[in-house]
Amino acid sequence: MTYVVSKYGDRELQPVAEKAGHWLAEFFALKDVKKVVIDINPDLVDCWGECGERDETEDATYEISVHPKQSLRDFIATIVHEFVHIKQWESGEWDGDGEAEANHLQYTITDRMWKEGVF
């Protein structure tokens, strides 16, 4: 599995996003996902992050956009939140729009990453 951070993003946050992405891919066992592009995008409006469903024409690629103007913990939690959606789409399992699960897990998993020394 390959994770890439958009070249348009904040250079200080790119390695953070990549490290989080690699860890989350293993944590969620996303073995059928070929690529997740994490775009650090200060132009997002009305949200801290968003994720599009898998693009089958792009070799099983997902794209996440994350706003950089957050605390480090919130920035990582936003990436976690969007990875929860990827896990939901890959497994085909979620309730409602999937937001309750993503909201519930985002800080729990972020804090676990800290406890395990990822950051």
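A residue counts as buried when its relative accessible area is under 20%, and a salt bridge is a side-chain nitrogen of Lys or Arg within 4 Å of a carboxyl oxygen of Asp or Glu. Both terms are needed for Glu 82 in this predicted model.

Glu 82 is part of helix α2, which covers residues 72-91. Glu 82 is buried but forms no salt bridge. Lys 87 is the nearest side chain of opposite charge, and it is 13 Å away. Because a salt bridge requires the two groups to be within 4 Å, Lys 87 does not serve as a partner at that distance. What does lie 3.4 Å from a polar atom of the Glu 82 side chain? The backbone nitrogen of Cys 51 is found there. With neighbours within four places in sequence left aside, Glu 82 is in contact with Gly 49, Glu 50, Cys 51 and Ile 64.

Helix α2 also takes part in the largest nonpolar core, a set of 28 residues. The residues with the most contacts inside this core are Leu 24, Phe 75, Ile 79, Phe 83, Ile 86 and Met 113. Two or more core residues come from each of α1, β2, β4 (61-66), α2 and α3 (99-115). The most are given by α2, with 7 residues. For Ile 79, the contacts beyond four places in sequence are Ala 17, Ala 20, Leu 24, Ile 38 and Val 66.

The 20 residues of α2 reach 29 Å from the first C-alpha to the last. That span is close to the 28 Å expected at 1.5 Å a residue. Gly 92 comes just after α2 and has a positive phi of about 75°.

Positive phi values also occur at two residues other than glycine. Most residues other than glycine have a negative phi. The two cases are set out below.

| Residue | Phi | Loop |
|---|---|---|
| Ala 29 | near 50° | between α1 (14-27) and β2 (35-40) |
| Asp 46 | near 70° | between β2 and β3 (49-55) |

Is each of these loop residues buried, partly exposed or exposed? Ala 29 counts as partly exposed because its relative accessibility is 48%. Asp 46, at 81% relative accessibility, counts as exposed, since the exposed class begins over 50%.

Key
Residues are numbered from 1 along each chain as its sequence is written. This is a predicted model: local features need pLDDT of at least 70, side-chain atom pairs count only at pLDDT 80 or more; totals for chains, interfaces and linings use all residues. Side-chain values use heavy atoms; hydrogens and water are left out. Helices (H or I, at least four residues) and strands (E, at least two) are DSSP runs, numbered from the N terminus. Buried means under 20% relative accessible area, exposed over 50%, partly exposed in between (1.4 Å probe, protein chains only). Lys and Arg count as positive and Asp and Glu as negative; His and the chain ends are not counted. A polar contact is a pair of N or O atoms within 3.5 Å; within protein, one must be able to donate a hydrogen and the other to accept it, and residues adjacent in sequence count only if both atoms are side-chain atoms. Contact means heavy atoms within 4.5 Å. A nonpolar core is a set of buried Ala, Val, Leu, Ile, Met, Phe, Trp, Tyr and Cys residues joined through side-chain atoms within 4.5 Å. The expected span of a helix is 1.5 Å times one less than its number of residues.
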